[in-house]
Amino acid sequence: RASKTLHMDCLVRVLKAPMSWFETTPSGRILSRFSSDLGMVDLQLVLNLDNFLQMSLAVLVMLIVLTVIVPPVALAAIFGAGAYYFASVAVDRLNREIKRMRDGSMAPVQTNLNEVLSSASLLQVDGGDGHLRDFFLKRHFKFADEYNKYNLISLSLINFGTLLTYYISFVFSL
């Protein structure tokens with residue numbers, strides 16, 4: 001239901017946008033907004049919410065049991081939770097910016113694909129030299145490389161955050 005509501009809200013706002021917005025915003029960016037953001041809500045929201053609830057409740061139960069058995073663990077747990085919180089907030093904020101740049105770099109890829117589809121008849125008439133085909137391919141590879149660069153940075157940052165949390169848990173388990 002959340003996905004349907006979000007999609008309808010986005011669609012209504014796009015349809016009510018002034019014509020100048022359509023002239024300045026590439027069609028690839030509009031398609032990217034509908035496909036990637038709404039796909040994220042459709043596919044990832046339920047999984048992430050379920051994982052978050054399971055992990056949070058498991059950690060809470062472990063902390064309660066450890067605090068009852070060994071009361072000084074509560075102090076270490078507070079410091080560990082604080083370190084984990086600051087690390088996760090820092091990684092999340094940075095990753096959000098990287099994903100914003102990644103999504104922005106996806107718009108030219110989709111715009112280029114849209115232009116290729118709309119000029120399919122020209123590509124057939126291009127002749128044996130293939131200059132037009134080569135032009136679109138060069139642009140596509142350039143735009144795809146830019147997208148993949150941000151995607152690699154985002155995935156590396158997520159892995160760094162995971163490694164950092166492992167390090168924090170190791171230090172506080174000593």
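# Notebook: a six-helix chain, looked up residue by residue

**Entry 1, S32.** I began with S32, which is buried at a relative accessible area of 3%. I note at once that the model is predicted, and I read every value below as computed from it. S32 sits in helix α3, and I looked for a partner remote in sequence: V109 lies 77 residues away along the chain, yet the C-alpha atoms of S32 and V109 are separated by 9.4 Å.

**Entry 2, the whole chain.** I then stepped back to the secondary structure, where I counted six helices and zero strands in the protein chain, so that the pattern read along the sequence is α-α-α-α-α-α. For the overall dimensions I took the box filled by the C-alpha atoms along the principal axes, which comes to roughly 80 × 35 × 25 Å. The radius of gyration is 23 Å, whereas a compact globule of 174 residues would have one near 16 Å.

**Entry 3, surface and contacts.** Of the 174 residues in the protein chain, 20% are buried. The chain exposes about 13,000 Å², and I noted that carbon and sulfur atoms supply 70% of that area. I also looked up how the contacts are distributed along the sequence: among those between residues at least 6 apart, 77% join residues at least 24 apart.

**Entry 4, α4 against α6.** How do the axes of helix α4 and helix α6 lie, and at what angle do the two helices pack? I found that α4, covering residues 73–118, and α6, covering residues 131–173, pack at an angle of about 170°, with 9 Å between their axes. Because angles over 145 degrees count as roughly antiparallel, α4 is described as roughly antiparallel to α6. Sorting the residues of this contact by type, I obtained 26 nonpolar, nine polar and five charged.

**Entry 5, R102.** Since α4 was already open, I turned to R102, which is found in that helix. Is R102 buried or exposed? At a relative accessibility of 13%, R102 counts as buried, because the cut-off for that class is under 20% relative accessible area. Once its neighbours within four places in sequence are left aside, R102 is in contact with Y147, Y150 and N151.

**Entry 6, V14.** Next I looked at V14 in helix α1, the helix that runs over residues 2–15. V14 is buried, its relative accessible area being 16%. Not counting residues up to four places away in sequence, which residues does V14 touch? I listed W21, F22 and F34. I also checked the pair V14 and I30, which are 16 residues apart in sequence and, from C-alpha to C-alpha, 8.6 Å apart in space.

**Entry 7, M40.** Last, I returned to helix α3, which spans residues 27–69 and contains M40. M40 is partly exposed at a relative accessible area of 38%, whereas S32 in Entry 1 is buried at 3%. From C-alpha to C-alpha, M40 and S3 are 9.3 Å apart in space, although 37 residues separate M40 from S3 in sequence.

Definitions and conventions
Residues are numbered from 1 along each chain as its sequence is written. This is a predicted model: local features need pLDDT of at least 70, side-chain atom pairs count only at pLDDT 80 or more; totals for chains, interfaces and linings use all residues. Side-chain values use heavy atoms; hydrogens and water are left out. Axes are lines fitted to C-alpha atoms, for helices over the stretch in contact, and angles run from 0 to 180 degrees between N-to-C directions. Angles under 35 degrees count as roughly parallel, over 145 as roughly antiparallel, 65 to 115 as roughly perpendicular and the rest as oblique. Ala, Val, Leu, Ile, Met, Phe, Trp, Tyr, Cys and Pro count as nonpolar, Asp, Glu, Lys and Arg as charged, and the others, Gly among them, as polar. The radius of gyration is taken over C-alpha atoms; the globule rule is 2.2 Å times the number of residues to the power 0.38. Buried means under 20% relative accessible area, exposed over 50%, partly exposed in between (1.4 Å probe, protein chains only). Contact means heavy atoms within 4.5 Å. Accessible areas come from the Shrake-Rupley method with a 1.4 Å probe; for residues, only the protein chains shown count as cover.
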